[in-house]
Amino acid sequence: MSFSVAIDGPAGSGKSTITKKVAEDLKFNYVDTGALYRSLTYNFLQNNLKKLEEEKIKNILEKTKIKVLFDGSIQRQLINGEDVTEKIRTKEISKYASLFAKSKNVRDYLITIQRNLAKKENVIMDGRDIGSVVLPNADVKIFLTASVDERAKRRFNELKEKSLSLEEIKEEIKKRDFQDKNRQIAPLKKTDDAIEIDSTFLTIKEVVDKIKNIILKAKEVK
Ligand code: CDP
């Protein structure tokens, strides 16, 4: 039987870096669900949709085929045959992804796809609602957090061209936190059975080791 791990948390909490590393070390498939929201967002913007209009969203989704491929440790997304893996990492898409993530049609469309990805193989999936909605029976649930200041600093250091100031990034993160925590469907929240890890004062390696230990212990008893 396959083993599943859910990692949820806000933007900049270190989810993707840490999840990728844990997946590599334990030979699990790493599923980045944010990339799926980003890919659909790319498609909406290509269709000139910048507002949360459910009827239009539904029509576009009916004509949309998303394919997820695993290329070593890289997850690739194809939208109607177009590889959008690199194209979805823009500021514009970061901004609009949390808007379209509020849509019921978008969340319904992605839930089956995400669950199917966890059916056959051991998987570690990161997102906002993995432990609460997508994989409520996950074998391990982690809720990763860090202070807003620390998360903004991490995002700022990641930016190559420093096109935004630290203060602007902090404001953008706060806005996204608000949208993710307060939306009606599948808001970001820690479930009672999730283990919370605050990474503000921890190195990547410390967090990775902590999570690996939790997973290995849980695997022993399964
Ligand atoms: O990596 P970062 O935190 O910037 O964002 P992401 O994981 O790529 O996700 C982009 C956006 O999609 C987030 O801000 C959320 O609004 C949304 N999302 C979601 O609602 N549920 C998920 N399971 C994953 C992402």
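**A walk from strand β6 outwards**

Let me begin with one pairing, in which Val31 has Met125 as its bridge partner in β6. Before I go further, please keep in mind that this is a predicted model, and that what I describe is computed from that model.

Val31 brings us to strand β2, residues 29–32, which pairs with β6 in the parallel sense over 4 bridges. Strand β1, residues 4–8, also pairs with β6 in the parallel sense, in this case over 5 bridges, and here Ser4 is the residue that stands opposite Val123 in β6.

How many residues of strand β6 are buried? The strand spans residues 123–127, and 5 of its 5 residues are buried. In a regular strand the side chains alternate between the two faces of the sheet. For β6 we can therefore ask about each side in turn, and both faces turn out to be covered, with Val123, Met125 and Gly127 buried on one side and Ile124 and Asp126 buried on the other, where buried means a relative accessible area under 20%.

Let me now step back to the sheet as a whole, which is an open sheet of 5 strands in the order β2-β6-β1-β7-β8, with parallel pairing. The strands β2 and β8, the latter being residues 195–198, stand at the edges with a single partner strand each, and so one side of each has no neighbour in the sheet. From one strand to the next, the twist averages 20°.

On the other side of the story is strand β7, residues 140–145, which runs parallel to β1 and is joined to it by 4 bridges; within this pairing, Ala6 has Lys141 as its bridge partner in β7. Helix α9 packs on the sheet, where it touches β1, β6, β7 and β8, and its direction makes about 165° with that of β7.

Helix α9 also leads us to the salt bridges, of which the structure holds 21. One of them joins Lys212 to Asp25, with the closest N and O atoms 2.8 Å apart. This pair links distant parts of the chain, since Lys212 lies in helix α9, residues 204–221, and Asp25 in helix α1, residues 15–26, with their positions 187 residues apart. Are the two partners buried or exposed, or in between? Lys212 is buried, with a relative accessible area of 18%, whereas Asp25 is partly exposed, at 33%. The pair does not stand alone, as Lys21, Asp25 and Lys212 are linked in a network of salt bridges.

I will finish with helix α7, residues 148–158, where Arg154 and Glu150 both lie, 4 residues apart, which is about one turn of the helix. Their side chains meet in a salt bridge, at 3.1 Å from N to O, and Glu150 is buried, with a relative accessible area of 19%.

Which residue does Arg151 meet in a salt bridge? Its side chain meets that of Asp177, at 2.7 Å from N to O. Because Arg151 lies in helix α7 and Asp177 in helix α8, residues 166–182, this pair ties together parts that are 26 residues apart in sequence. Both Arg151 and Asp177 are buried.

To gather the threads, we started at a strand with both faces covered, moved out through a parallel sheet of 5 strands, and ended with salt bridges, including one between helices α7 and α8.

Methods. Residues are numbered from 1 along each chain as its sequence is written. This is a predicted model: local features need pLDDT of at least 70, side-chain atom pairs count only at pLDDT 80 or more; totals for chains, interfaces and linings use all residues. Side-chain values use heavy atoms; hydrogens and water are left out. Buried means under 20% relative accessible area, exposed over 50%, partly exposed in between (1.4 Å probe, protein chains only). Helices (H or I, at least four residues) and strands (E, at least two) are DSSP runs, numbered from the N terminus. Two strands pair if DSSP finds at least two bridges between them. A salt bridge is a side-chain nitrogen of Lys or Arg within 4 Å of a carboxyl oxygen of Asp or Glu. Axes are lines fitted to C-alpha atoms, for helices over the stretch in contact, and angles run from 0 to 180 degrees between N-to-C directions. Contact means heavy atoms within 4.5 Å.
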